[in-house]
Amino acid sequence: MTNTLIIPASERRLNNYVSMEFTFKNTLTFAYRSLVKGFKNPESFADVVIMPVMFTLMFTYLFGGAISGDVTAYLPIIVPGILMQTCVTGSSNAASQLREDMDKNTTSRFKSMPIARIAPLAGILTADLVRYAIAGVITFAVGALIGYRPPAGLFAVLACILFMSLIAWCLSWLFAFIAMKVKSVAAASSGAMLIMFPMAFLSNAFAPTETMPSAIRFFAEHINPLSKAVSATREILAYGTLSSDFYFALLGSLAILAVFIPLTVRAYGKRR
Amino acid sequence: MTITTNSTDCVLAVEAHGLVKQFGANRAVDGVDLEIKTGTICGVLGPNGAGKTTVINMLATLLKPDAGVAKIFGHDIESETQIVRQLIGLTGQFASIDEELSATENLRMFARLLGFSHKDAKVKADELLDEFGLTEAANRPLSKFSGGMRRRLDLAASLISQPPLIFLDEPTTGLDPRTRAKMWQTVRNLVQNGSTVLLTTQLLDEADQLADDIVVIDKGRVVANNTPDGLKKSIGTASLQLTVKNPDDAELARAIIGNLLQVNVQIAKTSELSAPMDSADKLTNVLDALKDSGIQLYEVNVTKPTLDEVFFALTGSGSVGDNDNELAYSGRSNSDSKGLWR
Ligand SMILES: Nc1ncnc2c1ncn2[C@@H]1O[C@H](COP(=O)(O)OP(=O)(O)OP(=O)(O)O)[C@@H](O)[C@H]1O
Ligand SMILES: [Mg+2]
């Protein structure tokens, strides 16, 4: 047994708040934990590997002819759409993942430790950046295999993956909030789905908005930040430039962060 | 905003007054007062559903009390939450370690979260694994761990920051006698090194062996707060159980025994009597007295008092908690075990 004497409570330097630096360190530790667990269980990456392959091939060959006349002409439209869709689906998975983690006994230990409140959540969500990156790389790889050559080059591709991962990360806080508010993994997963599907599909990601009914068209063109993200990506890939859509998407995502980080952390920290 | 407290003014590790926690209509904790002196072991004794875990969860800042105040080394659990968390280690009733990580990974991660550097976290993890005899199993998946190993790892994880106050919620439940004895020794060592320990248990014997003070709770209320010796004086060190041959003799036997031992005697199933005794020596007197009155006996037993009898002695009511109490000693007749869960 250790014979190190315990430092009495009265002789300790104690702090009732957690510094930014410590919060950041805690978050990285939780992210690392999440990744270690992920790599021990490689099936957990199946969705971000298989989905982009499946969707890119399916959408391109199903709708390519109908929407753009031929497959090659459809690729610059669909690849950024699939990029967005796979990243956002990945981020919606955070809801069930978090709900599952919160129900484990480890959570009560974390809550009794002097660590940053936000860190367990932020860590898991941040580790998901790896998943988004995998999804992004595979989407472009499949695109390249079937003939997609973005004019702006490789650097633009990397920038787009980074940009979309960031958007997905911001959005994942919305899904994290859902996870805090529901009682079961099943409810978290279906709740996330109910939000993810309209956001991904009521957009310009897969088809031009011109033929949509006016209400949906208005939402898809002017409200949905994901449409803006897709437009911005298309522009980066075609010309290597940043449009107003880029800033609009970024601003929208930051707004989601500003609203949902405080709400989520409060819901997590709530002691019944 | 660094607070350094004056070392003289808070000798109490835990000071709680009127703690209340209500779950819906169920008052799980109903006005609990608790004082634990620094450097002592406090045993909280109570049957299933008594509110032991709920009390710990409130003191460990996991649950918000509905009423009452509590201080840990003088720091309020409500307003100085983060300070309180720096002073406590919690080993919950159910192991709270990450099943998907190995023992080493678990300990290192907790150490990192507490601010240890990579190197220090490694050293600390190895040290604790060694101390708890887990070095060999350190890299095995936790799914291959036995219950006792999990408990040890869980306790090790609560000791990383060397907290001055440690909560142990039923630390020996499910352990075999040998492992239990080791756990007791570990707890004693912790206190020797200057920690204060609050442990809950359903075993009278365990509280007796370890604790400096015993707090008995039932249905969310403190029904006794005493030293082990004081408690034993009030309930006896032995428990007499006897069955009379003829149920008609039961009342007479109760009167004789009650008179002789000066205690309350319980009758169960018309012919089974039980009573606390302060020493087993009195048995002969009891048997002689019964014989003189012509009462024939079917069976006689002297055992250590059960939790049930402690409660009977303390509250005068035989039913404890929500009635799913597991008795502390299984030395009693098993005849009614069939209907136990109904
Ligand atoms: N989160 C909760 N929600 C609703 N009721 C609860 C909750 N936690 C505990 N209870 C109830 O509060 C009462 C006290 O429970 P507690 O877990 O504190 O008992 P305990 O003394 O630890 O019992 P045990 O020996 O079985 O661990 C029980 O009736 C229990 O059903
Ligand atoms: Mg309990």
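**A colleague's note on ligand 1 and an enclosed space**

1. Welcome to this structure! Sorted by class, the residues in the shell around ligand 1 are four nonpolar, eight polar and two charged. Please keep in mind that this is a predicted model.

2. Who are these neighbours? In total, 14 residues surround ligand 1, and the closest are Asn48(B), Gly49(B), Lys52(B), Thr53(B) and Thr54(B).

3. Some polar contacts are worth finding on screen. The side chain of Asn48(B) has an N or O atom 2.7 Å from an oxygen atom of ligand 1. Asn26(B) places a polar side-chain atom 3.2 Å from an oxygen atom of the ligand. With Ala50(B) it is a backbone N or O atom that lies 3.2 Å from an oxygen atom of ligand 1. On its own, ligand 1 would expose 630 Å², of which the protein buries 66%.

4. Two elements of chain B, β3 (26–37) and α1 (52–59), each give two or more residues to this shell. The largest share, three residues, is from α1(B).

5. Now for the empty spaces. Searching the whole structure turns up two cavities of 30 Å³ or more. The second largest holds about 110 Å³ of space. Its lining has 14 residues, and those closest to its centre are Met113(A), Ile88(B), Gly89(B), Ala157(B) and Ser158(B).

6. Which elements give two or more residues to the lining of that second largest cavity? They are α4 (106–112) of chain A, along with β7 (88–91) and α5 (147–158) of chain B. β7(B) gives the most, three residues. By class, this lining has eight nonpolar, four polar and two charged residues.

Conventions
Residues are numbered from 1 along each chain as its sequence is written. Chains are lettered from A and ligands numbered from 1 in the order in which they are written. This is a predicted model: local features need pLDDT of at least 70, side-chain atom pairs count only at pLDDT 80 or more; totals for chains, interfaces and linings use all residues. Side-chain values use heavy atoms; hydrogens and water are left out. A residue is near a molecule or strand if one of its heavy atoms lies within 4 Å of it. A polar contact is a pair of N or O atoms within 3.5 Å; within protein, one must be able to donate a hydrogen and the other to accept it, and residues adjacent in sequence count only if both atoms are side-chain atoms. Accessible areas come from the Shrake-Rupley method with a 1.4 Å probe; for residues, only the protein chains shown count as cover. Helices (H or I, at least four residues) and strands (E, at least two) are DSSP runs, numbered from the N terminus. Ala, Val, Leu, Ile, Met, Phe, Trp, Tyr, Cys and Pro count as nonpolar, Asp, Glu, Lys and Arg as charged, and the others, Gly among them, as polar. On a 1 Å grid over the protein atoms alone, a cavity is a set of points where a 1.4 Å probe fits but cannot get out, and a pocket is an open set with protein on both sides within 12 Å along at least five of seven lines; lining residues have an atom within 4 Å of a point. Grid points are joined across faces, edges and corners, and a volume is the space filled by probe spheres set on the points.
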